[in-house]
Amino acid sequence: MKKALFIAGLTLISYSAIGADLANGKKLSSQCSVCHGKDGIAKDPESPNLAGQSSLYLEKAMVDYQKGFREDRRMSIIAKSLSIEDIKDLAAWYAAFELTVTAPEAPTD
Ligand code: HEC
């Protein structure tokens, strides 16, 4: 059952990215970079990193701001200016970044 859910999840992720226009996502991302960083790593400490995040999560977050399920004084305005195609293209663009993560050293005392 767990395996079936996992596969269903993967299918959803790839389905969501199918048909997305990465070139359009890249072009649109220029209006996001002042807060979220050109590479999706935020320079502004109040803004979250978007690079490498799942496209499903990013898409849902933007739709939630657009529909008012989630509110933020900046994002609620920005999301309302985007079409659902633009949201999918932006989500696919930021999801396509690859990250390398290094865990911190475990503290010793
Ligand atoms: C003026 C600064 C600013 C700009 C420009 C901006 N954002 Fe944001 N964004 C934020 C902040 C701040 C948050 C966190 C808001 C919150 O607490 O809900 C956020 C949150 C998000 C989230 C949710 C991330 C998460 O981890 O939950 C997404 C997705 C997002 N922004 C996408 C975009 C996209 C795409 C653009 C360009 C079209 C954009 N943002 C432009 C400031 C900005």
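The protein contains 6 helices and 0 strands, reading α-α-α-α-α-α along the sequence; helices (H or I, at least four residues) and strands (E, at least two) are DSSP runs, numbered from the N terminus. This is a predicted model, in which local features need pLDDT of at least 70 and side-chain atom pairs count only at pLDDT 80 or more, while totals for chains, interfaces and linings use all residues. Residues are numbered from 1 along each chain as its sequence is written.

Of the 109 residues, 19% count as buried (20 or more other C-beta atoms within 10 Å of the residue's own, with C-beta atoms placed from the backbone).

A helpful place to look next is the pairing of H4 with H6. H4 and helix H6 (residues 84–95) pack at an angle of about 140°, their axes 8 Å apart; axes are lines fitted to C-alpha atoms over the stretch in contact, and angles run from 0 to 180 degrees between N-to-C directions. H4 is therefore oblique to H6 (outside the ranges under 35, 65 to 115 and over 145 degrees). On the H4 side, Ser55, Leu58, Glu59, Met62 and Val63 meet Ile87, Lys88, Ala91, Ala92, Tyr94 and Ala95 of H6, contact being C-beta atoms, placed from the backbone, within 7 Å.

Turning to the ligand, 19 residues surround it, with Cys32, Cys35, Pro48, Ala61 and Asp72 coming nearest (C-beta atom, placed from the backbone, within 6 Å for a residue to be near). Helix H3 (33–36), helix H4 (55–67) and helix H5 (75–80) are the elements that each give two or more residues to this shell.

Conventions: Two residues are in contact if their C-beta atoms, placed from the backbone, lie within 7 Å. A residue is buried if 20 or more other C-beta atoms lie within 10 Å of its own, exposed if 12 or fewer, and partly exposed in between; C-beta atoms are placed from the backbone.
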